[in-house]
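Please take a close look at one part of this model. The request is below, followed by one connected answer.

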Amino acid sequence: MLAFAGGKTAGVAFNITVTAKDNFNNTVTGADAALSGYTYAWGGAANAPDATAPTYDTDLAFTNGVATATVTFCCAETIAAGNLTVNNGVGQSGASAAGLTVDHNVRDVISIVSGDNQSAIVNAAVAQPLVV
């Protein structure tokens, strides 16, 4: 099972709690060494428009059946419940119970200045066409 709090911002690292569960939805507490011995693969988040891939912790250290992974998503998107996944490569996998919204990483001010001292702030109305 994967758990996380609230919405996230593209480009900003955050933590996801990974909990090992058995078939009866009980936390598996007696297999920490075995669970910690795998390299975990993640799926569900898209690459950024420039092809930058999301980053994930692939080596998880479980304590009493729970591990924390640090991840960074690279683009604004909505990941539906069940679509963010983690897999240890030997048939054990988990998915997010809730959906996740990743917001744009908005800069405070982005300005463009041309050679003739014409300028504009991105996402602001410009009275005349800006010639660059």
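Q: In which strand is the place of Thr72? Please describe this residue closely, then go on to the open sheet of three strands.

A: The model is predicted, so local features need pLDDT of at least 70 and side-chain atom pairs count only at pLDDT 80 or more, while totals for chains, interfaces and linings use all residues. Residues are numbered from 1 along each chain as its sequence is written, and side-chain values use heavy atoms, with hydrogens and water left out.

Thr72 has its place in strand S6, which covers residues 66-72 (a strand is a DSSP run of E, at least two residues, numbered from the N terminus). The relative accessible area of Thr72 is 16%, so this residue is buried (under 20%). Leaving aside residues up to four places away in sequence, Thr72 touches Gly11, Val12 and Ala13, and also Pro54 and Thr55 (heavy atoms within 4.5 Å).

Next comes the open sheet. Its three strands have the order S2-S10-S7, and the pairing is mixed (two strands pair if DSSP finds at least two bridges between them). Strand S2 (8-9) and strand S7 (77-79) stand at the edges. Each of these two has a single partner strand, and therefore one side of S2 and one side of S7 are left without a neighbour in the sheet. S7 and strand S10, residues 100-103, run antiparallel and are joined by three bridges. Ile79 stands opposite Leu100 of S10.

Terms used: Helices (H or I, at least four residues) and strands (E, at least two) are DSSP runs, numbered from the N terminus. Buried means under 20% relative accessible area, exposed over 50%, partly exposed in between (1.4 Å probe, protein chains only).
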